[in-house]
Amino acid sequence: MTRLNVSDLSVRRHARSVLRDVSFSVEAGEFIGLIGPNGAGKTTLMRAVLGLLDHEGASSVAALPREERAKAVAWMPQAREIAWPVAVETVVMLGRTPHLSSIQQASDADHAAVETALAEMDLLHLRHRAATQLSGGEQARVLIARALAQQTDLVMADEPIAGLDPAHQISTMQTFASLANKGVSSIVSLHDLGLAVRHCTRLLLLGEGGLVADGVPHEVLTPERLARIFGVSAFYQSTDQGPVYQSLEVTR
Amino acid sequence: MTRLAGGLSLGVVLLAVASLLVGPAGIGPGESLSALIRGDGGPLTLVMREIRMPRALLAIMIGASLGLAGAAMQGYLRNPLAEPGLIGVSGSAALGAVLAIHTGLAASFALALPLAALTGALGAVALVMALAGPRGTSLTLILAGIAVSALAAAFTSLVLNLSPNPFAANEIVFWMMGSLADRSMLHVWLALPFMLLGAFLLARLGRGLDALTLGEDAAQAMGIDLPRLRLMLIVGTACVVGSGTAVAGAIGFVGLVVPHILRPFVGAQPSRLLWASALGGAIMVLAADVAVREILPARDLKLGVLTALVGAPLFLHLILKLRQERI
Amino acid sequence: MSVSQHPFEVMLCRLLLSLGLAIGPGVAFSEAPGRVVSMNLCTDQLAMMLAAPGQLHSVTYLAIDPRASAMAEEAEAYQINRGLAEEIYLMQPDLVIAGAFSTQATVAMLKRLGIPVVVFDPAQSLEDVRDRVMQMGDVLDRQAAARALLDEFDARLNALRAEVAERPRAVLYYANGYTSGDQSLAGQILAVAGFSNVAVEAGFNAGDTLPMEVLVMTDPDLAITSRPYPGASRAEAILDHPAVTAFRAGRRSAGMTDRDWVCGTPYVLRAIEALSTVRDDLTGAPQ
């Protein structure tokens, strides 16, 4: 079942074109890495797809009414804002907002979703701590847990693993991958190409004002594209421990 | 949680009773309460029902609505320094009220006075929100507040000085500092409709304010209609602050002090802070009103003096604490 | 002050005069001031009553307000001043008469500019009224007129002064909730008219605010309140408070007009007269 359909999406800012004619669709169970150099428009694309930004073209999610949209997609923005010193549990429970009415009494299903999310992100021992007192990495995990608790068919996250230690980076990527196995698709933007090739089922490469490539990692990250779009040369090979990618030199 | 609700409610009831029993007439508690309830038509009943009861009722109404508005505003702007008095809403409401009274508009139909104050408040809230932008950084907020407050105070003073009535010029103290002295049931009825409307609008913001903890983007993506939330906040605050100021003058700092004190008790959750601040605000204004009558009964000490004595040092403390983080 | 042969004393006198020091009551000028400006409502009226034709040049804007002044019509004949140093200086007065509550800065400025200023204290009793009349007579060098006025005043006062068996209770209640005790002009007017002042019973004096609750509990026979000015004010709104209206509904009330009550002039007799009529009414005594 198609989770998302984007056709000819274009975004302009101050009469300058940021993205031009981006089209792709997302099926169930895909774990998509959104990659590209700084300024390529990764955040812009995701916000436009969600309907948070003015755009031309069509996005199936943006076309939904607001409340449907919230139950279809979970969005984790790049600015990891937690305004008040609320407990970790409370932050994760916020993920249930689309499912709660104004009266806001959490049901058993809501509590169960929160429990699962906390366990998934290794936060059970921190559940009563004030979220603002945690380290940056721990806060990132809390916010991912919130997105998970929303229990949507599609999750979109803007650089969710930035600032996490290696163990938590890998386990977070594994969480998204396991979600894919259960039919939940994710679009995750990231800079760590090494993790992207090891865990993502598909890569979307943004650059030069549009969508440059869309496919499996080893088809997208050709040396020519690495040099042209990223300006680097890299070591990229399949080993018996899985694909390994490491950027080596700056080419321009 | 319910312990907090119970404790605060009890506080309101006790202070309300205290407010009914305090006064210069020197009547004993048993006598006064029975006069209030039974109403034998004598001077005692007149004192209790026409002088003390409206005073206590107004203290509860105004305190609750100021606490509620403060909590709502802080929740929306994600800034603990936001408060209707500080950002000039009360001052603008006072200007609206003064204009209505001294142009004779207030005499033309009953609800003209609170409506005029409401309009003044509406203008101020909208202006400050527009100036402060979506993520009301403290600096912009405070600066906008200073500008709006100063303008409102200047115009209020001007209107009062232009009045043909020789007593009018001295009223500025009442309007700027607030007082519940000699209020009547008429004032209660004037303020009540808009307070109820405003409180209703503000109380429904809980879910949205909780979601805003994660920022505007995340909240919108979770299905919160932000423009509608902002509109309800503006109108609700204007209703509540406008009607309160129209009958009692500008009482500041309640919306700052009460949410700040109660925030740790509700786990910093904005939706819970709303009703807790309403109860806490009622307690604060009732307490201040009782204190004003006990401390210097012969002088007409203004409510705003006491709330400022408590609130201004707290405000300074908050600024110092936040200096590293936000500003 | 007799002119001395000693040149030093003469010089000193002239020096003192030209510096325009404030002169206390009882000191006469060597000649009557020819151009007098009054900058206080009460001194306006006293001056108008006693000045020689052409002697008084200007009175304040309050003097032509019929609410505040008992001599509003007479005052139209004079120049009006707003109590500001600049305009008064430009009138080139020989003498300025001010009240104790006139703006200090203005009075000080006039003195610095070399204009003689005499300050009158407000009258707090009927004795004070007599003293002020005498003082005005001295200042304007119109002692004869002052004595004539006083004779008339004493005669009317004696006629009005009542030996009463019954003293009905009255309360004075003005804007801002103010009341007046015995040690005030209003209190004295009340006493001479044959009333007993409820505020004094309750322990309040002049200038004190009478709390509304105490007002309601005092239950006097007569409530005397001020008449409101045009425009609205919170201070006067207190008189429309439901508790006060209810309080006044059940009893006799009288209005106090600023023009007869506030200034220590012989017009206080009009106030006493009006109140005496009310008292006779209340006690059912023959007129």
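# Exercises: a sheet in chain A, the fold and contacts of chain B

Helix α6 (residues 166–181) of chain A lies across β3, β6 (154–158) and β7 (185–189) of chain A, and runs at about 155° to β7(A). Contact means C-beta atoms, placed from the backbone, within 7 Å. Axes are lines fitted to C-alpha atoms, for helices over the stretch in contact; angles run from 0 to 180 degrees between N-to-C directions. Helices (H or I, at least four residues) and strands (E, at least two) are DSSP runs, numbered from the N terminus.

This is a predicted model: local features need pLDDT of at least 70, side-chain atom pairs count only at pLDDT 80 or more, and totals for chains, interfaces and linings use all residues. Residues are numbered from 1 along each chain as its sequence is written, with chains lettered from A and ligands numbered from 1 in the order in which they are written.

**Exercise 1. Lay out the six-stranded sheet of chain A.**

Step 1. Get the order. The sheet is open and reads β5-β6-β7-β3-β8-β9, with mixed pairing. Strands pair if DSSP finds at least two bridges between them.

Step 2. Find the edges. β5 (73–76) and β9 (210–215) of chain A each have a single partner strand, so one side of each lacks a neighbour in the sheet.

Step 3. Take the twist. Neighbouring strands are turned by 15° against each other on average, direction ignored.

Step 4. Check one pair. β3 (residues 31–35) and β8 (residues 202–207) of chain A run parallel, joined by four bridges. A:Gly33 stands opposite A:Leu203 in β8(A).

**Exercise 2. Describe the fold of chain B from its secondary structure and radius of gyration.**

Step 1. Count elements. Chain B has 15 helices and zero strands.

Step 2. Apply the globule rule (2.2 Å times the number of residues to the power 0.38; radius taken over C-alpha atoms). The radius of gyration of chain B is 19 Å, close to the 20 Å given for 327 residues, so chain B is as compact as a globular protein of that length.

Step 3. Add the extents. The C-alpha trace of chain B spans about 65 × 50 × 35 Å along its principal axes.

Step 4. Look at range. In chain B, 79% of contacts with a separation of 6 or more join residues 24 or more positions apart.

**Exercise 3. Characterise the side of chain B that touches chain C.**

Step 1. Count residues. The contact involves 24 residues of chain B and 24 residues of chain C.

Step 2. Assign elements. α3 (43–77), α4 (89–102) and α9 (185–203) of chain B each supply at least two residues. α3(B) gives the most, five residues.

Step 3. Sort by class. The side of chain B holds 15 nonpolar, five polar and four charged residues. Nonpolar covers Ala, Val, Leu, Ile, Met, Phe, Trp, Tyr, Cys and Pro; charged covers Asp, Glu, Lys and Arg; the others, Gly among them, are polar.

Methods:
Contact = placed C-beta atoms within 7 Å.
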